[in-house]
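Welcome, and please load the model into your viewer with side chains switched on. We will go from one selection to the next and look at charged residues along the way.

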Amino acid sequence: MNPKKQKEKDRPRARKLAEEAWEAANAGNLDLGEKIIRRAVAAQPDNPVLWNDQGVLLGLRHNDAESAES
């Protein structure tokens, strides 16, 4: 699969993972939320919204150093 098609395939998957991460966080499971949002960022590392979401979730977990990086 060429890079462009792979990127198109990863986009909806990353969005779905981000939604799942926020659902987990809102349910009080920040550990699971962090794990899922990291997968989303790995699936689409050029998406600034995912990086921002990761930073917010890490901030909620009081992981300030990584939160600032994200």
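Which residues does Glu-34 touch, not counting residues up to four places away in sequence? Select Glu-34 and look around: the residues touched are Leu-58 and Arg-61. Keep in mind throughout that this is a predicted model.

**Stop one: Glu-34**

Stay on Glu-34, which lies in helix 2. Is this residue buried or exposed? Glu-34 counts as buried, because its relative accessibility is 10% and the cut-off for buried is under 20%.

Now add Arg-38 to the selection. Glu-34 and Arg-38 form a salt bridge, and their closest N and O atoms are 2.8 Å apart. Both residues sit in helix 2, 4 residues apart, so about one helical turn separates them.

**Stop two: Arg-38 and Glu-66**

Keep Arg-38 and show Glu-66 as well. Arg-38 is partly exposed, with a relative accessible area of 29%. Glu-66 also forms a salt bridge with Arg-38, again with 2.8 Å between the closest N and O atoms. Because Glu-66 belongs to helix 4 and Arg-38 to helix 2, this pair ties together parts that are 28 residues apart in sequence. Glu-66 is partly exposed, at 31% relative accessible area.

**Stop three: Arg-61 and Asp-31**

Return to Arg-61, one of the residues that Glu-34 touches, and select Asp-31 with it. Their side chains meet in a salt bridge, at 2.5 Å from N to O. Why does this pair tie together parts that are 30 residues apart in sequence? Arg-61 lies in the loop between helix 3 (48-60) and helix 4 (64-69), while Asp-31 is in helix 2. The relative accessible area of Arg-61 is 34%, which makes this residue partly exposed.

**Stop four: the network**

Select Asp-31, Glu-34, Arg-38, Arg-61 and Glu-66 together. Salt bridges with shared partners join these residues into one network. How many salt bridges does a search of the whole structure find? The search finds 5.

**Stop five: a positive patch**

For the last view, switch to a surface and select Lys-9, Arg-13, Lys-35 and Arg-39. These residues gather in a patch of positive charge on the surface. Helix 1 (3-26) and helix 2 (30-43) are the elements that give two or more residues to the patch. Finish on Arg-39, which is found in helix 2 and is partly exposed, with a relative accessible area of 38%.

Key: Residues are numbered from 1 along each chain as its sequence is written. This is a predicted model: local features need pLDDT of at least 70, side-chain atom pairs count only at pLDDT 80 or more; totals for chains, interfaces and linings use all residues. Side-chain values use heavy atoms; hydrogens and water are left out. Patches are made of residues with over 30% relative accessible area and no salt bridge: like charges are joined within 9 Å, nonpolar side chains (Val, Leu, Ile, Met, Phe, Trp, Tyr) within 5 Å. Accessible areas come from the Shrake-Rupley method with a 1.4 Å probe; for residues, only the protein chains shown count as cover. A salt bridge is a side-chain nitrogen of Lys or Arg within 4 Å of a carboxyl oxygen of Asp or Glu. Lys and Arg count as positive and Asp and Glu as negative; His and the chain ends are not counted. The place of a charge is taken as NZ of Lys, CZ of Arg, CG of Asp or CD of Glu. Buried means under 20% relative accessible area, exposed over 50%, partly exposed in between (1.4 Å probe, protein chains only). Contact means heavy atoms within 4.5 Å.
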